[in-house]
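Thanks for making time this morning. I would like to take you through one model, beginning with how its chains meet and then turning to a few places in detail.

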Amino acid sequence: MITKDAEISDAPVAPAPEAEEPPRRPKKRQRAWDEVPRWQIYLPLSIYLLFTIVPFYWILLFALRPAGSTSLVPWPITFDHFEKVWTERAFGTYFQNSVLVGVATLFMTTIVALAGGYALARFNFRIKRAFMLALLCSQFVPGALLLVPLFQIFAELRMINSLGSVIIAETVFQLPLSMILISGFIRNVPYSLEEAAWVDGCNRFSGFRVVVLPLLRPGLIAVGSFAFVHSWNHFLFALMFLSNQDKQTIPVGLNTLLSADSVDLGALAAGGIIAAVPVVIVFAFIQKWLITGFSAGAVKG
Amino acid sequence: MAQAAAVAKQPAPPRRRRGSATPRRLPYLLIAPAALLMLGFIAYPVISVFYYSLQHYNPTKPWRNGFAGFDNFVFAFTKDPQFWDTLVFSAKWVVVEVGLQLLFGLALALIVNQSFVGRALSRAMVFSPWAVSGVLTSAIWVLLYNSQTGITRYLADLGIGEYGTSWLSDTSTVFPAAVVADLWRGVPFFAILILADLQSVSKDLYEAAEVDGASRIRQFIHITLPHLKDAIILSTLLRAVWEFNNVDLLYTLTGGGPAGATTTLPLYIANTSVDAHNFGYASALTTVAFVILLFCSIVYLRLSKFGGEDK
C-alpha cells in the first residue's frame, strides 16, 4: 500500500526536472513481478514437480499393486501389503510407540523451550551471553557421534529399552534451535502489551498467558511440529537405545525391512506409506504457518 | 518516525520493575530445565568423548584399556587410511550436496515466489519431501533403483540403458545415485528458507530498479542476492553441519558400500564404536570431526563476513 502511494505522489513531481523520463514511465507502471514469461515458470516447475512426484508415486505403486506385478498402474488395488506389515511386521506396535515418542517430545520441547525462550527475550541476567553461546555451539555437536556416551548414561539411569530414553534424547537435541526460535518470536511481541496487562492487575505469569501466548500461536505451532516431525523421522537413537521389538519405532521397523537379505518390496512400500501419513498430515496442517513463522523471527534471531 | 516506532516496539529488556513482582531468580528458574537437560545430555557426553579419546577403551579387549595419551590421534593420522578416505568422502559429500541443494533451492524459491495459477498447490507439492525421513527416503529410492523392478527396467523398456542395472551396487554410479536421493529431500529445505526471506524484500527497490531500466538479471544480482546473503550463509552452514553429521540416509541406503565407497567419517565412527566396540578410538575420531567442523564453521563465517553490512 505504502509503495503505491509513494509512487503516485512521486509521479507528478518527477517529470518537471527531467523531461525525457515521462514517456517511459507509464509502461513501467505494470509491476516488474508480473512480467516473467509464463513458460519460464511452468517449464522448470513441471520438471521439478516430476522429480518430486515420481518417487512418491513409485512407493504408492509398490504398496498398492499385488506382489510380482509389473504394471505401472496399481490396479487391481490390494491392501494385502498393509495388512501384512501392520500385523506380521508389528508396524501397529511401532506406530503406537512412534506416536508416543513424537507427542511427548513435542510437549517437552515446546514447554521447556518456551520457558527458556521467555527468559532470553525478556531479561538481562549474568550468564545470558554464555548461555546463548552454548545454544549456538550445541548446533555443531553431532548427536550421532555421542551415541556411545549417551548409551552409557541411559544404561546407568536404567532407561535402556524404555521410550523415555528416546524422548529425552530427541528433546535435548531439539531444544537449542527451538529456544532460539521462540525467543525471537517473543521479542516480536511488544513489551508494552505485557506491561499494560500488569497495570490491569495481571502478574507475570497470567500476563504472559493472556497477552503473549495467543500471539505466539503460529510460532509455537511451527516449533512444535518441527519437534514432532523430527522425532518421528529420526532413527539412530531409537535404533541404539531400544532393542526389544515391542519398544521400537517406525523408522527402526523400516530399517529392519530394508536390511533384510531379500527385501520384501511390497511390505517396504506399505511400511513407508504408514511412516509418511502422520507427517504428511502435520505438514498439510502447518504449511501456511511455515513461511510466516520463519520470516517472523527465525533468521533475525 | 518509523525508527522511533521500531525503537518503542523493541525496548531493551528492562531490569526489575516496581509494579511487577519479579524475583531476581526468575530468569534462572526459567532456563533451568533447558540448561540441566543440555548439561546432562550434551555437555557431559561431549566431555566424556574428549576423555575417552585419550584412553584405550574397548570392552571386548579389557586388558588393553588404560591411558593412551595421543596414541589414538597418531594412529588416525598416520596409520589409518580408512580415516583419510572417509574424511575426503565426507568433504566431497557435503560440498556437492550443499552446493546443489542451494542452487536448486534458490531457483525453486524464485519460481514459486512468482504469482501464477496453481501456486499454492505447487508449493505444497515441491516442499513435501522436506518432511520425509532419511530412512523413508532410502526406502523410496531403494524401490526406484531396484535392479529388477525399479526405474531402470522401465527405462530399458524404452531403450535407455540395460536391464538389470543396479546403480546402488556399482562403485561408479553409487555416488550420483545417493546424491540424487538426498537432493530430493534436501532441496525443499533451502527453498522454504529462501522463500521465507524473499517475502521481506521491499518491492520499492525493484520498482526503483525498474525505473532505472535495470534488467531482471541485474535486479537479481544487485537487490535479491544481497538481501538473501545472511540467510544463505546461515542456511548453508547449518545444512553443511547437518549433512556432515547425518548418517540416516547413507546408513540405510548404501550402508556405506559398496566396498566402502560411500562411507562418511561419522558412519565410520559409528561402525568403529557400535560394531567394533573400539570406543577409545571412536572417541578420538569424534574429537577430530568436532574440531574440523568448528574450524571450518569459523573460517566460513569469517570469509563470508556474516552479518557484516547492516550491523
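Let me fix one term before anything else: two residues are in contact if their C-beta atoms, placed from the backbone, lie within 7 Å. Please also keep in mind that this is a predicted model. On that contact criterion, 81 residues of chain A touch 84 residues of chain B, and the chain A side of this meeting comprises 60 nonpolar, 14 polar and seven charged residues.

Turning to chain B, the UniProt record, an unreviewed entry, places the feature "domain: ABC transmembrane type-1" at residues 87-300. That span of chain B is 74% helix and 0% strand, and its end C-alpha atoms lie 18 Å apart.

Within chain B, helix α12, residues 265-275, is mostly covered, with eight of its 11 residues buried, among them Pro266(B), Tyr268(B) and Thr272(B). The buried residues of α12(B) pack against α4, α10, α11 and α13 of chain B, and also against α7 of chain A. After α12(B) comes His277(B), which has a positive phi, near 55°.

My last stop is Val112(A), which sits in helix α5 of chain A, residues 91-122. Why does Val112(A) count as buried? It does so because 25 other C-beta atoms lie within 10 Å, and the cut-off for buried is 20 or more. Setting aside neighbours within four places in sequence, Val112(A) is in contact with Leu175(A) and, across in chain B, with Pro33(B), Ala34(B) and Leu37(B). By contrast, Trp75(A), 37 residues away along the chain, has its C-alpha atom 49 Å from that of Val112(A).

Methods:
Residues numbered from 1 in each chain as written. Chains lettered and ligands numbered in written order. Predicted model: local features only at pLDDT ≥ 70, side-chain atom pairs only at ≥ 80, totals over all residues. UniProt positions renumbered as here; feature names shortened; annotations may be inferred. Helix = DSSP H or I, 4+ residues; strand = E, 2+ residues; numbered from the N terminus. Nonpolar A, V, L, I, M, F, W, Y, C, P; charged D, E, K, R; others polar. Buried ≥ 20, exposed ≤ 12 C-beta atoms within 10 Å, placed from the backbone.
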